Every structure is written in C-alpha cells, then in structure tokens.
Amino acid sequence: MIVSRSLRFIQDTQLRASSFQRHGLGPHRGRLNIQVGLEDGDIYDGAWCAKYEDQNQWLEVDARQPTLFTGVILQGRNSIWSWDWVTTYKVQFSNDSIAWKPSMNGTKEAVFEGNQDVETPVLAVFPEPTVARYIRINPQTWFENGTVCLRAEVLGCPLPDPNNIYTWGTEQESTDKLDFRHHNYKEMRKLMKSVNEDCPDITRIYSIGKSYMGLKLYVMEISDNPGKHELGEPEFRYVAGMHGNEALGRELVLSLMQFLCHEYKQGNQRIVRLVKETRIHLLPSMNPDGYEMAYKKGSELAGWAMGRYSYEGIDMNHNFADLNSVMWDALELETDKSKLINHYIPIPEKYTSEEAFVAPETRAVISWMQNIPFVLSANLHGGELVVTYPFDMTRDWAPSEHTPTPDDSFFRWLATVYASTNQVMSNPDRRPCHNEDFLRHNNIINGAEWHTVPGSMNDFSYLHTNCFEVTVELSCDKFPHASELPTEWENNKESLLVYMEQVHRGIKGVVRDKDTEAGIADAIIKVDGIDHHIRSAFDGDYWRLLNPGDYEVTASAEGYFSNRRMCRVEYDHYPTICDFLLTKTPKQRLREILAKGGKIPKDLQLRLRALRMKKLRRGTPGDFRFKM
C-alpha cells in the first residue's frame, strides 16, 4: 500500500539540505502546499531554495525508521514575486546518511519529471520501491528564469522496528469504529442513509437545495424529535466544505453523525443529554461540485486551490451579502441614532435579484438560515490551525485590522473553547502551518485582524439572523491523506462536542402575550450595554448567548409595552430562564377590536380617553377620535 507521509508531521530537525539561501528558504519550508505571506523575504517563505545553482543540491528527509519509499510529489515555490520550480530531479536513499544509493530505472539512474509551474503538484512513482531511513531529492534542471526551489511530499510506508525509539509522525488510532476514509458524493449519501437507518428515531436527512451541477445539499438532523422545532430547544449547525478542497471538515462532520448515533444507542449520558436538549443540523458539503473536482485528483495532487471555488468559479466565503457596509454606512449617515438597526439587517435588493452573481449554494444556505432559528454555528475550513471570530471584514477596507463585534467577549470565549480543547492547536510545541504563528494568539484571532473577508458567512449570520458563528481552520493540510483521518478525529472530537454544548450558555425564555399567553414572534431582546439585539422565533422562544454575569434585559414587540428584568447568567452549563409577559398597548387592542368588528370594552374606552386628555394637556392633538 502506498501511503503519503506528510512532511507537516516531520520535525524541522528531520529536514536537511545541501545549502539554502536564507532561513526563510531553509529545508523546513520545503513542505508540499506550504504558503508564503504577503511579503517575500521573511522567515516564512514559500519553499526550500538552494543557495547554489548546480546539480549537487539536495533536500533530505530523515524518516527515523526503516521506510518503504514509493514515490515523491513535487511542487514549485509559492511566491507572489518569484517563479521558481524544478523541472527534473533524481532521488537517492541511505540507511546511515553517508552511503547513498540512487533510484534506478533498469540499469540507469532514474530521472524524474518535475514541475511546469509553481503550484501544480506532480507525482513520480519510483520504478522500484526502496527500503531506507533517509531519502534525498536531487534537482537536475529548473525553470530557466528561476532558481533551485521546491516543495515536496514523500510517499511511503513505515516498517516496524522494535529497536527504534522514534515514531514517524503523530498518528494515533481511534477507538471509535467509524468509516475513516474520504467519501465522494455517492458514498457520502450512502453513509448518511446508513446513519439514518441505524438511528431512525433521532435522525432525519433533508436537502436545502442543489449545487450548480445539480448535487443536493444534504443535511443530517439529529434530535429526539427530528423534523420539529421544540419550544425552548436551541438549534445548532455545523457547515463544512464551503471550499470543496478543504475536505477534513466534511469527514469530521460525517464522523460526528456516526459517533452521535452510536453513542446515543450506547446510552452515553453526555450525548443523550445533547441530543435531547439540542436540535443539531450537520451540513457536510456546502460545495459538492468543488469537492468532486478535488476528490478525483486525490488528497495530495489537488494542490492548494483545485476545488476551492464553486463550479461557476465563485468563492462562497466572499459570496454572502455585505451587510457590514450597510450597517457602517448607516452609522455615518443617520443623525437620529435611535433609528439605527443593529440586527436583522435586511439584504439589499441588488443582492437578491436573479442577475446577482450569487451561487445557488449560497442562496440555499441563506434560505436555510432564514427558515430555522439557529443560535450557534461553526464553519469548518482547512489549511491553517486557528479559530477566527467576527467581524471578518474591516470597516475601512484595510487589508487587516482588529474589528470586533459588540459580542466580542463571547465570541472570544467560543473560539477559545474550540482551540483549547483541540489536541493540535493546544500543543505548545507545534510548528506554524505556513506564514503566521497563531500560538502567540492562543490559536484564536479576530477574522478581520487576520485578513479582511467581505461577504463572509460569519458576518452575515451575525447581522442578518440571531446566530453566532465562528470559522474553524482545522488542519495545516486542506485534504489530508485518509490514513490521517483517525488522528484528526481524535484531535477534534472533544472540540466538536464541547463547542456544541455552548449553545446552552446565556439566557433563554419565551415572550408571551400577558392576556392570551400566546408566544409573540419577532419580539426584540435587548441586553443593556451590548449594542446587538436578537429576536424571538415564530412561537415566542428566544436564546441569547452571554458570558456569566448580571444583565438588564428588555423585551419589546410591536403593539406591546416593553418589559424589563434582571437576568443572572451563572457558570453552569445550562442557560438561565428569563421569560417575559408583554401587555398590549391600548392602541393595539383598539386595532384588533375594530378589525374584528367588536365593541370597545369600557376599560379600554377609559384608558383611551385618559391618553387623549393627557395629550391635549400637553398641547398636542389627539390620535384617537371615536364616538363613545
């Protein structure tokens, strides 16, 4: 079996080179798909580059154990300014790093074809697999206008060696019996159907729409009453595969639905409580068209961008309505600050028109958001190890700038919950993935402070709905090899569970009509000191995510007097119940009575007369003129 041994699992000390131009182009940067920052010349450059341009240069990997080497994948230098790649190369093997044996093609030393551009990965399979501890890549020719630079991935299988104190990589087996492999569209659908058949009482599969190529966007619902919103029960979602080539999120979501089904049946009390108290929605593939393109190439050969975009070439991470600009423009133009809207910002008409360049997948997710009262979500990406939180867009279109929401403290909590329980992110000895060291930020960062992203799903979710959402960058690799999936599941399992449990933090309750006790939809919930409101769902229930503390909370609705009360959020893992009863205004009662053709009650007549007299005494004409 040929297994990719990702160089991201190799420590820097296991990589050596004949020479290098400077530290930022040292052997530790010769890893497949490693990305450079905006500026060349720093310590995070985009390849290993030899100091000399001759055929005696090499990049060496020490496997630290006997390994059956089977091939190499080569890539050029990632750079904004330079074009460097190796066009042909040789390979040598050694057991002691002193005596070297070349890879042979019959009686001649094999020469392998390299790259024709900087990004496309090129696979070379050795004519004869070779067992060794060390392997060297030895460039022979390179792009005529460039220099000797490369990024690489080694293919091979480690062999058992009881006398070796080293292990290659950090892979660990999972005790969970899950289907650890990459699933194409048909296989994904089959797996979801299997989970539904295993747990029919707590699962439901539904589609929220179709991709450009007609593939359905399937969602797995997990709840003790699937298909139904229960009063007071919060709605949670995980969205994966927005970028089709970022495949780890897709597989983690598929593993999560299997795990929840199995553990619920086994009576795991943590999972039973989560399923009974939460309505969970899992969308494993928002961009199935892009995934299919990347899947056909394979985990190593898809490169950094193949499958990222929709079939139409749309980056869905920038495809949601830019409501940030709508809000910030209003702040600058509106003189009456009481008229400003800080939540449920409507979508501009130019965005909703049929001519707008909006992917059908994006439209489907927006409709999904509007139809279900989601409270909490995470958007699963790949290619880095960090959790980002809104806002994702800078206010003045700067490339990057800290741009917090009014709920910044809670968003930081959410990001920290995931990052601190992730086994890789929380490892203080891990190396940076590409060009930024997020360890110094405790593996969380404000999205706009990293880089501005106009039209992100996170910002849209916060400004157009009640739902708080973060982005989780799950792994340095966007499309890790299938052999790494059990390890990645163990890295993320606790994080996925504990993040879902945060949907039960803060306050929740029901806003009702005092007279009829019917739930009031679209009641506005305002927390004093936080300039972002939320609204009640169609049956009057609401959820407001908050950190522990004492809060003055006001509920208001059209046609009702506002009601205010103090609500205390404890450190417990369950929300504080804060219900509200609202009384109709006399004007609203009058409207409803007149609409039904009824007779105005005596108490309402007296109340309206008193209000009219009060206005007259103030010197204002009355609003109510009717015959007693």
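## A guided tour of the model

Start by selecting Phe391, which sits in the loop between strand E17 and helix H8 (408–421). This is a predicted model, so keep that in mind as you go. Show the backbone here and step back one residue: the peptide bond from Pro390 to Phe391 is cis, with omega near 0°.

**Zoom out for a moment**

With everything displayed, you are looking at 628 residues, of which 58% count as buried. Colour by secondary structure and you will find 13 helices and 27 strands. Along the principal axes, the C-alpha atoms fill a box of roughly 110 × 55 × 45 Å. Among contacts in the protein with a separation of 6 or more, 75% join residues 24 or more positions apart.

**The largest pocket**

Next, bring up a surface. Rolling a probe the size of a water molecule over the atoms shows where empty space is left. The largest pocket has a volume of about 1,200 Å³. To centre your view on it, select Val36, Asn435, Glu436, Trp450 and His451, which lie nearest the pocket's centre among its 39 lining residues. Now colour the elements that give two or more residues to that lining: strand E17 (384–389), helix H9 (447–450) and strand E19 (468–475). Which of the elements gives the most to the lining? H9 does, with 3 residues. Colouring the lining by class gives 18 polar, 12 charged and 9 nonpolar residues.

**Helix H4 and its cover**

Move on to helix H4, residues 288–297. Which of its residues are buried? Pick out Pro288, Asp289, Gly290, Tyr291, Glu292 and Ala294. To see part of what covers these buried residues, add helix H1 (185–198), strand E13 (216–222), helix H2 (248–266) and helix H7 (360–371). Just past the end of H4 comes Gly298, with a positive phi near 105°.

**Two helices that cross**

Now show helix H5 (residues 323–333) together with helix H10 (residues 457–464). Their axes come within 9 Å and cross at roughly 50°, and H5 and H10 are therefore oblique to each other. Display side chains where they touch: Leu323, Asn324 and Met327 from H5 meet Asp459, Phe460, Leu463 and His464 from H10. By class, this contact of H5 with H10 is made up of 4 nonpolar residues, 2 polar and 1 charged.

**Three loop residues to finish**

Follow the chain onward from H5 and select Tyr344, in the loop between H5 and helix H6 (349–352). Tyr344 is not a glycine, yet its phi is positive, about 50°. Is Tyr344 buried or partly exposed? Its relative accessible area is 28%, so Tyr344 is partly exposed.

Then jump to Asn443, in the loop between H8 and strand E18 (444–446). Asn443 is another non-glycine residue with a positive phi, this time about 65°. Asn443 has a relative accessible area of 4% and is therefore buried.

Last stop: Asn225, in the loop between E13 and strand E14 (235–240). With 33% relative accessibility, Asn225 counts as partly exposed. Draw a distance from its C-alpha atom to that of Arg279: the two are separated by 8.2 Å, although these residues are 54 residues apart along the chain.

Key. Residues are numbered from 1 along each chain as its sequence is written. This is a predicted model: local features need pLDDT of at least 70, side-chain atom pairs count only at pLDDT 80 or more; totals for chains, interfaces and linings use all residues. Side-chain values use heavy atoms; hydrogens and water are left out. Buried means under 20% relative accessible area, exposed over 50%, partly exposed in between (1.4 Å probe, protein chains only). Helices (H or I, at least four residues) and strands (E, at least two) are DSSP runs, numbered from the N terminus. Contact means heavy atoms within 4.5 Å. Axes are lines fitted to C-alpha atoms, for helices over the stretch in contact, and angles run from 0 to 180 degrees between N-to-C directions. Angles under 35 degrees count as roughly parallel, over 145 as roughly antiparallel, 65 to 115 as roughly perpendicular and the rest as oblique. Ala, Val, Leu, Ile, Met, Phe, Trp, Tyr, Cys and Pro count as nonpolar, Asp, Glu, Lys and Arg as charged, and the others, Gly among them, as polar. On a 1 Å grid over the protein atoms alone, a cavity is a set of points where a 1.4 Å probe fits but cannot get out, and a pocket is an open set with protein on both sides within 12 Å along at least five of seven lines; lining residues have an atom within 4 Å of a point. Grid points are joined across faces, edges and corners, and a volume is the space filled by probe spheres set on the points.
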